[in-house]
Structures are given as structure tokens and as C-alpha cells.
Amino acid sequence: MTTINISLPEKLKEDAEALIKKGFYSSFSDLVRDSLREVIARRRYDRWYREALEDERKGRAKVLRTDKDIDNFVKSL
């Protein structure tokens, strides 16, 4: 594993330590690793969402707005 040093505002450090004390995380490193995983996953979904919007804008995708749209799409498969 790699070790890094970070600077944090005091309030953020206190909030993190409170989560650890309450047992949500076993250590500060555990909290940071979990937080980074969550941010990375969220950004991945944000990117997919932006790509889907761009596909729709360029006419490469169709938005299924109603149950009938969904049924028709599934039948076309």
C-alpha cells in the first residue's frame, strides 16, 4: 500500500474522528479509502449520465418515457 499525507480543515478531521469513534470505520485510512471508492463510483455514473444525454442530443439514443415506449422497445429486441 502507498502512504500519503493530506491537509484537512480541523472541522473535517473532527467529523472524521467522530465517525471512527462511533464505529463506522476502523481507522482514518479505512474512512478515506471508503470515501474515495464512493466518489469514484459516483463520478463514473455521472460520466455515463452525461454520455447518455449527449447520445440523445445527437440522435443516437431514444428516451423511453412511458410504459408503452418500454414495451415497444422490449418487443423490438
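What follows is a short chat about how some labels in this predicted model were reached.

Reader: Why is phenylalanine 73 called partly exposed?

Author: Its relative accessibility is 42%, and partly exposed means between 20% and 50%, so phenylalanine 73 gets that label. The residue sits in helix α3, residues 67–76.

Reader: What makes Phe73 part of a nonpolar patch on the surface?

Author: Patch members need over 30% relative accessible area, and phenylalanine 73 has 42%. Leu64, Ile70, Val74 and Leu77 are in the patch with Phe73, with about 470 Å² of accessible area together.

Reader: And why is arginine 60 called exposed?

Author: Exposed means over 50%; arginine 60 comes in at 54%, so it counts as exposed. You'll find arginine 60 in the loop between α2 (28–57) and α3.

Reader: How do you know that arginine 60 and aspartate 55 meet in a salt bridge?

Author: The N to O distance is 2.6 Å, and the cut-off is 4 Å, so the pair qualifies as a salt bridge. Aspartate 55 is partly exposed, at 27%.

Reader: What makes arginine 42 and glutamate 38 a salt bridge?

Author: Same kind of check: their closest N and O atoms are 3.4 Å apart, and the rule asks for within 4 Å. They are four residues apart in helix α2, which means about one helical turn separates them.

Reader: Which residues are linked in a network of salt bridges?

Author: Glu54, Arg57 and Lys58. By this rule, the count comes to seven salt bridges.

Key
Residues are numbered from 1 along each chain as its sequence is written. This is a predicted model: local features need pLDDT of at least 70, side-chain atom pairs count only at pLDDT 80 or more; totals for chains, interfaces and linings use all residues. Side-chain values use heavy atoms; hydrogens and water are left out. Patches are made of residues with over 30% relative accessible area and no salt bridge: like charges are joined within 9 Å, nonpolar side chains (Val, Leu, Ile, Met, Phe, Trp, Tyr) within 5 Å. Accessible areas come from the Shrake-Rupley method with a 1.4 Å probe; for residues, only the protein chains shown count as cover. A salt bridge is a side-chain nitrogen of Lys or Arg within 4 Å of a carboxyl oxygen of Asp or Glu. Helices (H or I, at least four residues) and strands (E, at least two) are DSSP runs, numbered from the N terminus. Buried means under 20% relative accessible area, exposed over 50%, partly exposed in between (1.4 Å probe, protein chains only).
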